[in-house]
Amino acid sequence: MQKSGPFHLKYIECGYKYLCKYTWVLDEKQVFAVRSGGATGVVVKGLEDRNPISFRMEDKGEVKCIKFSLGNKILAVQRTLKSVDFLNFIPDSPQLEYTQECKTKNANILGFCWTSSTEIVFITDQGIEFYQVLPEKRSLKLLKNQSINVNWYMYCPESSVILLSTTVLGNVLQPFYFKSGTMAKLSKFEIELPAAPKSSKLSLSERDIAMATIYGQLYVLYLRHHSRTSNSTGAEVVLYHLPREGSCKKTHILKLNRTGKFALNVVDNLVVVHHQDTETSVIFDIKLRGEFDGSTTIHQFVLPPRSIQPYQIPVAGPASVTSQAPVPCKLYSSSWIVFQPDIIISASEGYLWSLQVKLEPVVDLLLDKGKLMDFLLQRKECKMVILSVCSQMLSEPERGSLSVIATVFDKLNHEYKKYLEAEQSYTMVVETGLSRSNPLLKRPVRTQAVIDQSDMYTHVLSVFTEKKEAPHKFTIAVLMEYIRSLNQFQIAVQHYLYELVIKTLVQHNLFYMLHQFLQYHVLSDSKPLACLLLSLESIYPPAHQLSLDMLKRLSTANDEIVEVLLSKHQVLAALRFIRGIGGHDSISARKFLDAAKQAEDDMLFYTIFRFFEQRNQRLRGNPSFTPGEHCEEHVTFFKQVFGEQALMKPTTF
């Protein structure tokens, strides 16, 4: 089995070392190193903390569990099975410990969880107790409690759900949800064990259960070491969807096709299963299509088994010693401890890491471009990888067929359209004032999966046309395929994409195709496009009329068309247009002479100047300009360039 690269998983760079020789406790993403029960110091470091927290506390015995509240304002320490001690870390507040014993007689505290900055849950072997901590009074207030026999518990901080293992076999799980001082009992559910247990003892281990949020939904993951079906070999991961309301249902089965020791992580909405015997990990994506049996979707792993990218542990010590080569970290060690969603601890080496997915190697491992896009579009940091894939599939040697390219474009534009519709709905609600009645309304988040026309133009299509590697027919087909996809999803095509098509057609002298595209409105009308056509008049004369027709179809006001033409230095075109509509007797001579002079073309200036001299002669019987026309500087310029004798003389009859 291949273990080496390309690696699609790696330890994130903020992995850090803690001291193995001290008592340590992991709380979500914080490690507590406790020396001498806290008397000689406690050091707290989190994956997202730049500076560790250090403090001392009185040694009152072995620390079983230690956790900060959200915001690190209150510390809770469990030293006995009967009570939890508290210490305030609030400025100007005395650091005196206060204690809360569990309310249930003869109960033992299994652990505790902070659900907010001032709310905490004690889990005992006889139930749960939900408290509000009052730091100013250095006391706790019981909000709610629930009696239930508990074997073990699990907490998911992302969703504020505690899961309790109940009954003799331990396979009936009871979830509780906590929010703003309230505790809600959710529907309990039963985990299907591989076979009927032979004895009445605990059969579901905490090691085989994980809780994680995947694609915004809470799931309970059960690692079943033997399949329930006799014809299936190997272990599997069973996913139970745990909704806030309604019953918990088994929805997905992830086939591992092997046996042995496993560990689970969830990274970027992917289920990662580590296998100790082969020292490899496999990745599952429940959003990808699987085999549906009527109630459950069965998934095979998305990518072939690969090892996590090797990690080098730097040698600590004096400068003379640190010149030694880094020591490779032992991957898939028996001392590994895994925490959800993405934490791995190597207890023997004293390191804690966060796991990360590497997307670049996936491109070469998933050859089906449609499936690859489905996979990439769900990942957080996907944009540049997706754009790279699009560039690759348009270039040799990995050039794809037009049908594959069309599939990719459609998948990208499907995501693009979803975002545009969400943005439009949000804008409509805000503009109509309905947002005031819905304070929870939030602007849609633009994820990296939204690849818009600007992204495609800048990073893919303009680069592709400039390279000129592909046959021009293929180049034009690709551009038109992208435009077709945008139209299919009713996304307004930006004019710069049409301009790219026109420039490509002109480069290859495909004027007949350009004419057809315009005639049959394959290229949608726009003012920028009309201006581009006007600039092509010298190499393709029919472009002038095609442009004017387009401007008229756009119901552009005549004076606006003239302004557009003049701004593009199409002075003769503007004059021809204004003559065509019969407005040449009332137009401003100065405006046209200004434009002609700016063009720095003496013959053009001569032509325009002569036209207005002739107009003056026809209308007033004298070619000279009146003072009200403010053309004195242009008359002076004309005389400087062509001489006074070139001025038109009045005609007498």
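**Entry 1: a term to start with**

I begin with a cut-off for helix pairs: angles over 145 degrees count as roughly antiparallel. I also note that I am reading a predicted model.

**Entry 2: the whole chain**

I looked up the overall make-up before going into detail. The protein chain holds 15 helices and 33 strands. It has 653 residues, and 50% of them count as buried. I then checked the contacts with a separation of 6 or more: 53% of these join residues 24 or more positions apart.

**Entry 3: α11 against α12**

How are α11 and α12 set against each other? I find an angle of about 160° and axes 8 Å apart. With the cut-off from my first entry, α11 and α12 are therefore roughly antiparallel. Their crossing is right-handed. From α11, the contact takes in Asn558, Ile561, Val562, Leu565 and Leu566. From α12, Val571, Ala573, Ala574, Phe577 and Ile578 take part. Sorted by class, that makes nine nonpolar residues, one polar and no charged ones.

**Entry 4: α12 against α13**

Next I followed α12 to its contact with helix α13, residues 589-598. The two axes come within 10 Å of each other and cross at roughly 155°. That makes α12 and α13 roughly antiparallel too. Val571, Ala574 and Leu575 of α12 meet Phe592, Ala595 and Ala596 of α13. Here I count by class six nonpolar residues, with no polar and no charged ones. I see two familiar names: Val571 and Ala574 are also listed in the contact with α11.

**Entry 5: α13 against α15**

Which classes of residue make up the contact of α13 with α15? I took the geometry before the classes. Helix α15 covers residues 632-642, and α13 packs on it at about 45° with the axes 10 Å apart. That angle makes the pair oblique, and the crossing is left-handed. On the α13 side I have Arg590, Leu593, Asp594 and Lys597. Glu633, His634 and Phe637 come from α15. The tally is two nonpolar, one polar and four charged residues.

**Entry 6: helix α10 and its surroundings**

I checked the length of α10, which runs over residues 542-553. Its 12 residues should span 16 Å at 1.5 Å a residue, and the end C-alpha atoms lie 17 Å apart, so the two values agree. The buried residues of α10 are Ala543, His544, Leu546, Ser547, Leu548, Met550 and Leu551. What do these buried residues pack against? I find α8 (511-519), α9 (527-535), α11 (558-567) and α12 (571-580). Just after α10, Ser555 has a positive phi of about 55°.

**Entry 7: α3, α4 and Glu415**

I moved back along the chain to helix α3, residues 383-393. Buried there are Lys383, Val385, Ile386, Leu387, Val389, Cys390 and Met393. Their cover includes α1 (360-365), α2 (369-376), α4 and α5 (453-467).

So to α4 itself, which spans residues 402-431. With 30 residues, α4 reaches 42 Å from its first C-alpha to its last, close to the 44 Å expected. Gly433, just after α4, takes a positive phi of about 80°.

Within α4 I looked up Glu415. Is Glu415 buried or exposed? Its relative accessible area is 15%, and under 20% counts as buried, so Glu415 is buried. Setting aside residues up to four places away in sequence, Glu415 touches Leu377 and Ala449.

**Entry 8: Val44 and Ser180**

I ended with two residues outside the helices above.

Val44 sits in strand β5, residues 42-46. With a relative accessible area of 0%, Val44 is buried. Which residues is Val44 in contact with, leaving aside neighbours within four places in sequence? I list Gln30, Val31, Phe32, Pro52, Ile53, Phe55 and Phe68. Phe68 is 24 residues from Val44 along the chain, and their C-alpha atoms are separated by 9.4 Å.

Ser180 lies in the loop between β17 (172-179) and β18 (182-185). At a relative accessible area of 65%, Ser180 is exposed. I also looked up its distance to Thr115: the two are 65 residues apart in sequence and 8.8 Å apart in space, C-alpha to C-alpha.

Conventions:
Residues numbered from 1 in each chain as written. Predicted model: local features only at pLDDT ≥ 70, side-chain atom pairs only at ≥ 80, totals over all residues. Heavy atoms only, no water. Helix = DSSP H or I, 4+ residues; strand = E, 2+ residues; numbered from the N terminus. Expected span 1.5 Å × (residues − 1). Buried < 20%, exposed > 50% of the residue type's maximum accessible area, 1.4 Å probe, protein only. Contact = heavy atoms within 4.5 Å. Axes fitted to C-alpha atoms, helices over the stretch in contact; angles between N-to-C directions. Parallel < 35°, antiparallel > 145°, perpendicular 65-115°, else oblique. Left-handed = near helix turned anticlockwise from the far one by under 90°. Nonpolar A, V, L, I, M, F, W, Y, C, P; charged D, E, K, R; others polar.
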